[in-house]
Amino acid sequence: MAWALKLPLTDEVIESGLVQDFDASLSGIGQELGAGAYSMSDVLALPIFKQEESNLPPDSENKILPFQYVLCAATSPAIKLHDETLTYLNQGQSYEIRMLDNRKLGELPEITGKMVKSIIRVVFHDRRLQYTEHQQLEGWRWNRPGDRILDLDIPMSVGMVDPRANPTQLNTVEFLWDPSKRTSVFIQVHCISTEFTMRKHGGEKGVPFRIQIDTFKENDGEEYTEHQHSASCQVKVFKPKGADRKQKTDREKMEKRAPQEKEKYQPSYETTILTECSPWPEVTYVNNSPSPGFNSTHNSFPVAEGVVRPRLTVYVCQESQQAREQQQKHENGDTASSTFFVYHAIYLEDLTAVELTEKIAQLFNISPRQISQIFKQGPTGIHVLVSDEMIQNFQDEVCFVLDTMKAETNDGYHIILK
């Protein structure tokens, strides 16, 4: 069966999405769309465009930007003029990304007639979560065995060649494409923003993600290692239909604002332009050898090198008789409480049970030898032995109440994380 996709690439649809937060050095670029070419020279003169110097690689003013990526999802209307756009996505829904060739005639002839490779990632927007990305993703994998964070919708996609998804890199996909041909890639994001938020009382604010695309051309050794372009956009992912409700809520809030207040905010656009950014760091790209199909061997995928040493923050509070009494009152429906609980921060770098034991002992001024075992209270109150793997799956800034239990075989104590 042959799959075909008809794209309503009218000038009105494209223009509505192109007027966004976008690097001001782009001028006079165009893209063949259907029967005619669309010129960017007029819209780039609008004051809404600005240069995100902090996100751009050096010498960007004279750099040729050969590609442009357009995510077919509306931007939020509740974003101030000089802030980065924010786009809401529904979990598991297929969203189109148009891969556009922005080269002028005669520019970068070495790409003409050749394939390029693009790598799409879903990464954290917040720097704090970026430092613990490995632990965050491993925790997600533990809770969602067999699922991926990012997938390609292959039947819907057009112009994509040799798509691949590394089974060990849940948030990354890659593929080849020919810039001279129409290419539209459909992606699905399966994680939601609140899965990486500390659980409190419900209604937690979800963390923002970034969708980033890095594109490479072949070198003399036929390896896709020469970086050509990178761009990204900020998104939040909601449970199915949640993005539509959030978009509607933002629109209603803006409609209630005074006219002078509305002028401080960007309008909502039907599509999202990914803005230029630095390449994704600390990754080495190796040869993209032929593969039999999707989800093939991972030998051709990027391997992280020199990853920033992870750091995990754990908050602990020693349980006391008073705390138990207050907890009992809370369970009985008595919300009145004057107790102030003080938590201590423990910073883990090696993410091992030995390190956690040493840090807890140091916090309470005891010898690590006095701590026999550390358990985590699990379902139905069972005690699960804390291992290195369990610590590596802790969410950053997780909170525990520490209880102690006399060890049976020596004078030490067991620590129970509740």
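**Group meeting: cores, helices and a few loops**

Ile120 is where I will start: leaving aside residues up to four places away in sequence, Ile120 touches Ile97, Leu150, Asn171, Thr172, Val173, Phe175, Val185, Ile187, Ile211, Gln212 and Ile213. A second, separate core has 21 residues, with Leu348, Val386, Ile391 and Phe394 among them. Ile120 itself belongs to the largest nonpolar core, which has 41 residues. Leu71, Leu89, Ile97, Ile120, Phe209 and Ile211 are the ones with the most contacts inside that core. Please keep in mind throughout that this is a predicted model.

Now the overall picture. The chain has 418 residues, and 48% of them count as buried. Eight helices and 22 strands make up its secondary structure elements. How much of the contact set joins residues at least 24 apart? Taking contacts between residues at least 6 apart in sequence, the share is 72%. The chain exposes about 22000 Å², and 51% of that comes from carbon and sulfur atoms.

Next, Tyr69, which sits in strand 3, residues 67–71. Is Tyr69 buried or exposed? Its relative accessibility is 0%, so Tyr69 counts as buried. Again not counting residues up to four places away in sequence, Tyr69 touches Ile97, Arg98, Met99, Ile213, Thr215, His229, Ala231, Thr272, Ile273 and Leu274. Two of those names, Ile97 and Ile213, also appear among the contacts of Ile120. For Leu274, the C-alpha to C-alpha distance from Tyr69 is 5.7 Å, with their positions 205 residues apart in sequence.

On to helix 4, residues 242–255. This helix has 14 residues and reaches 20 Å from its first C-alpha to its last, close to the 20 Å expected at 1.5 Å a residue. Which residues of helix 4 are buried? They are Gly242, Ala243, Gln247, Asp250 and Met254. These buried residues lie on the same side of helix 4, because they cover an arc of only 135 degrees around the axis. What do they pack against? The partners are strand 4 (86–90), strand 12 (224–238) and helix 5 (259–262). On the face turned away from the buried side, helix 4 carries the exposed residues Arg245 and Glu255.

Just ahead of that helix is Lys241, in the loop between strand 12 and helix 4. Phi of Lys241 is near 75 degrees, which is positive, and the residue is not a glycine. Most residues other than glycine have a negative phi, so a positive value deserves a remark. Lys241 has a relative accessible area of 56%, so this residue counts as exposed.

Leu351 also has a positive phi without being a glycine, at about 55 degrees. Its place is in the loop between strand 18 (344–348) and helix 7 (353–363). Is Leu351 buried or exposed? Leu351 counts as buried because its relative accessibility is 2%.

A further loop residue is Lys181, between strand 9 (172–177) and strand 10 (183–189). Lys181 is exposed, at 56% relative accessible area. Asp101 is 80 residues away from Lys181 in sequence, and the two are 8.7 Å apart in space, C-alpha to C-alpha.

Helix 3 covers residues 133–143, and its buried residues are Glu133, Gln135, Gln136, Leu137, Gly139 and Trp140. The cover over these residues includes strand 6 (116–124), helix 2 (127–131) and helix 8 (388–392). Ile391, named earlier as one of the residues of the second core, falls within the range of helix 8.

Last, the cysteines. How many disulfides are there in the whole structure? A search finds zero. For Cys317, the nearest cysteine sulfur is that of Cys399, at 9.7 Å, and Cys317 is in no disulfide. A disulfide needs the two sulfur atoms within 2.5 Å, so at 9.7 Å this pair does not qualify. Seen from the other side, Cys399 has Cys317 as its nearest cysteine sulfur and is likewise in no disulfide. Where do the two stand on accessibility? Cys317 counts as buried, at 7% relative accessibility, whereas Cys399 is partly exposed, with a relative accessible area of 39%.

Notes: Residues numbered from 1 in each chain as written. Predicted model: local features only at pLDDT ≥ 70, side-chain atom pairs only at ≥ 80, totals over all residues. Heavy atoms only, no water. Buried < 20%, exposed > 50% of the residue type's maximum accessible area, 1.4 Å probe, protein only. Core = buried A, V, L, I, M, F, W, Y, C linked by side-chain atoms within 4.5 Å. Contact = heavy atoms within 4.5 Å. Helix = DSSP H or I, 4+ residues; strand = E, 2+ residues; numbered from the N terminus. Areas by Shrake-Rupley, 256 points an atom, 1.4 Å probe, with all protein chains shown as cover. Expected span 1.5 Å × (residues − 1). Arc of directions from axis to C-beta.
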